[in-house]
Amino acid sequence: MLLQSAVGALSLGLFLATVVLHVSSVYVSNLTPICMRCLCHAASSCNLTLGCVDGYCGPFQLSRGYWRDAGLHVLPDDNPSRDGAFLDCAQDYSCAQRIVEEYIIRFGSDCNGDSVSDCDDFAMLHFNLKDDCTASLDGTNFGRRYSTCRPTSDPPDSDDGPPRRING
Ligand SMILES: *[C@@H]1O[C@H](CO)[C@@H](O)[C@H](O)[C@H]1NC(C)=O
């Protein structure tokens, strides 16, 4: 009896510890929908009908290797070993977004060394990939497009409409 509750408490504790550890080890706090949209814009002007260019597919321009490294995410009820599973996910905005999220969760780091993990780092990771994400995006088309939609560090306003003033 006592042993059972001890084991129960221990596994609950382990479970909670795992949840906390998982959440705190993930660099996604600044991975907002606005950041995602900007990565998409940087990759392809977020062109949903672009298809594959030199092995980079869909609006986020994902390679098969990127997809594999991110954990082979596929559309609901699809199977990663099906021919076309990668392509169909990569060409679907929300499915492709999940691939990018997974990639960033796994490999996110402070690419530019400024001690914060934010969209700038995710953009560098997305473009430079996991082995070394530290190269500057300056002078690349990806970087040029990214700079036009790059989220600022200001606290986010409500999504739509102009910023509101509190006093008139
Ligand atoms: C998206 O890419 C396709 C294929 O290259 C092209 O035909 C189309 O014009 C592009 N769409 C936009 C909005 O740029």
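A crossing of two helices is right-handed if the near helix is turned clockwise from the far one by less than a right angle, and left-handed if it is turned anticlockwise. The exercises below use a predicted model.

**Exercise 1. Find how far the model can be trusted, and where confidence drops.**

Step 1. Take the whole chain. The mean pLDDT is 84. Of the residues, 74% reach 70 or more.

Step 2. Look for the weak stretch. Residues 13-27 have a pLDDT below 50. Beyond near neighbours in sequence, this stretch makes 5 contacts in the model.

**Exercise 2. Describe how H2 and H6 pack.**

Step 1. Get the geometry. Two packed helices are described by the angle between their axes and the distance between the axes. For H2 and H6 the angle is about 35°, and the axes lie 10 Å apart.

Step 2. Assign the hand. H2 and H6 cross in the right-handed sense.

Step 3. List the residues. H2 supplies Cys35, Leu39 and Ala43. H6 supplies Cys119, Phe122, Ala123 and His126.

Step 4. Sort them by class. The contact holds 6 nonpolar residues, 1 polar residue and no charged ones.

**Exercise 3. Do the same for H2 (residues 33-44) and H7 (residues 141-149).**

Step 1. Get the geometry. The packing angle is about 145°, with 7 Å between the axes.

Step 2. Assign the hand. The crossing of H2 and H7 is right-handed.

Step 3. List the residues. From H2 come Cys38, Leu39, His41, Ala42, Ala43 and Ser44. From H7 come Phe142, Arg145, Tyr146, Thr148 and Cys149.

Step 4. Sort them by class. There are 7 nonpolar, 3 polar and 1 charged residues in this contact.

**Exercise 4. Which elements and residues line the second largest pocket?**

Step 1. Find the space. Rolling a probe the size of a water molecule over the atoms shows where empty space is left. The second largest pocket holds about 240 Å³.

Step 2. Name the lining. It has 14 residues, and those closest to the pocket centre are Tyr56, Gln61, His126, Phe127 and Phe142.

Step 3. Assign elements. H2, H6 (119-128) and H7 each give two or more residues to this lining. H7 gives the most, with 3.

Step 4. Sort by class. The lining has 8 nonpolar, 5 polar and 1 charged residues.

Step 5. Link back. His126 is in the H6 side of the H2 contact, and Phe142 is in the H7 side of the other H2 contact. Both are among the residues closest to the pocket centre.

Conventions. Residues are numbered from 1 along each chain as its sequence is written. This is a predicted model: local features need pLDDT of at least 70, side-chain atom pairs count only at pLDDT 80 or more; totals for chains, interfaces and linings use all residues. Side-chain values use heavy atoms; hydrogens and water are left out. Axes are lines fitted to C-alpha atoms, for helices over the stretch in contact, and angles run from 0 to 180 degrees between N-to-C directions. Helices (H or I, at least four residues) and strands (E, at least two) are DSSP runs, numbered from the N terminus. Contact means heavy atoms within 4.5 Å. Ala, Val, Leu, Ile, Met, Phe, Trp, Tyr, Cys and Pro count as nonpolar, Asp, Glu, Lys and Arg as charged, and the others, Gly among them, as polar. pLDDT is the predictor's confidence in each residue, from 0 to 100. On a 1 Å grid over the protein atoms alone, a cavity is a set of points where a 1.4 Å probe fits but cannot get out, and a pocket is an open set with protein on both sides within 12 Å along at least five of seven lines; lining residues have an atom within 4 Å of a point. Grid points are joined across faces, edges and corners, and a volume is the space filled by probe spheres set on the points.
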